[in-house]
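Please look over the sequence and the structure before reading on. The paragraphs below lead through them step by step.

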Amino acid sequence: MERKKACHDVFLVDGARTPFIKAKGKPGPFSASDLAVNAGKALLVRQPFKPSDIGEVVIGCVMPSPDEANIARVIALRLGCGKKSSCVDGTA
């Protein structure tokens, strides 16, 4: 009897977040993607693989700026995930 190799997707769930800050009615010095890239770098340092090995990136963001319409893609590219990874943002 021939044995088939099992092929399974691997899901790695981890997270990092930026600190809460007060906006005081005006934008701060950092964009949402700047903050997320900083948090993402800390997250990726803990992993045993390269950012380019990631197949999907899921990001949550409350208020991205207009030039960050697909903020998950912006962040993934800046983190070095590459163009092949799919990106999903959970923008509120």
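What follows goes from the overall fold to the packing of the helices and then to single residues.

The model is a predicted one. Its secondary structure consists of 2 helices and 2 strands, and from the N terminus on these elements run α-β-α-β. The protein has 92 residues, of which 23% count as buried. Among the contacts with a separation of 6 or more, 67% are between residues 24 or more positions apart.

The two helices come next. Two packed helices are described by the angle between their axes and the distance between the axes. Here helix α1, residues 32-45, packs on α2 at an angle of about 45 degrees, and the axes are 9 Å apart. An angle that is not under 35 degrees, not over 145 and not within 65 to 115 counts as oblique, and α1 and α2 are therefore oblique to each other. Their crossing is right-handed. On the α1 side the contact is made by A32, S33, D34, A36 and V37, and on the α2 side by I71, V74, I75 and R78. Sorted by class, this contact has 6 nonpolar residues, 1 polar residue and 2 charged residues.

One of the α1 residues in that contact is S33. S33 lies in helix α1 and counts as buried because its relative accessibility is 3%, where the cut-off for buried is under 20%. Beyond its neighbours within four places in sequence, S33 is in contact with E68, I71, V74, I75 and R78. With R78 there is also a polar contact, in which the two side chains are joined at 3.0 Å.

Two further residues of α1 can be followed from here. G40 has its place in this helix. With a relative accessible area of 12%, G40 is buried. The C-alpha atoms of G40 and T18 are 9.5 Å apart in space, while the two residues are 22 residues apart in sequence. K41 is also found in helix α1. Is K41 buried or partly exposed? K41 counts as partly exposed, because its relative accessibility is 48%, and the cut-off for exposed is over 50%. From C-alpha to C-alpha, K41 and L79 are 6.9 Å apart, with their positions 38 residues apart in sequence.

After α1 the chain enters the loop between α1 and β1, where P51 has its place. P51 is partly exposed, with a relative accessible area of 24%. Which residues does P51 contact, leaving aside its neighbours within four places in sequence? They are L44, L79, G80 and C81. P51 and G82 are 31 residues apart in sequence, and their C-alpha atoms are 7.8 Å apart in space.

Strand β1 covers residues 56-59, and V62 lies in the loop between this strand and α2. V62 is exposed, because its relative accessible area is 61% and over 50% counts as exposed. The C-alpha to C-alpha distance between V62 and D89 is 9.9 Å, and the two are 27 residues apart in sequence.

The last residue to visit is S85. Helix α2 covers residues 71-78 and strand β2 covers 86-89, and S85 lies in the loop between these two elements. Is S85 buried or exposed? S85 is buried, because its relative accessible area is 1%. The side chain of S85 reaches the backbone oxygen of G82 at 3.3 Å. Leaving aside neighbours within four places in sequence, the residues in contact with S85 are I54, G55, E56, V57, R73 and A76. G82 thus links two parts of this account: its backbone oxygen is reached by the side chain of S85, and its C-alpha atom is 7.8 Å from that of P51.

Notes. Residues numbered from 1 in each chain as written. Predicted model: local features only at pLDDT ≥ 70, side-chain atom pairs only at ≥ 80, totals over all residues. Heavy atoms only, no water. Helix = DSSP H or I, 4+ residues; strand = E, 2+ residues; numbered from the N terminus. Buried < 20%, exposed > 50% of the residue type's maximum accessible area, 1.4 Å probe, protein only. Polar contact = N/O pair within 3.5 Å; in protein donor to acceptor, adjacent residues only side chain to side chain. Contact = heavy atoms within 4.5 Å. Axes fitted to C-alpha atoms, helices over the stretch in contact; angles between N-to-C directions. Left-handed = near helix turned anticlockwise from the far one by under 90°. Nonpolar A, V, L, I, M, F, W, Y, C, P; charged D, E, K, R; others polar.
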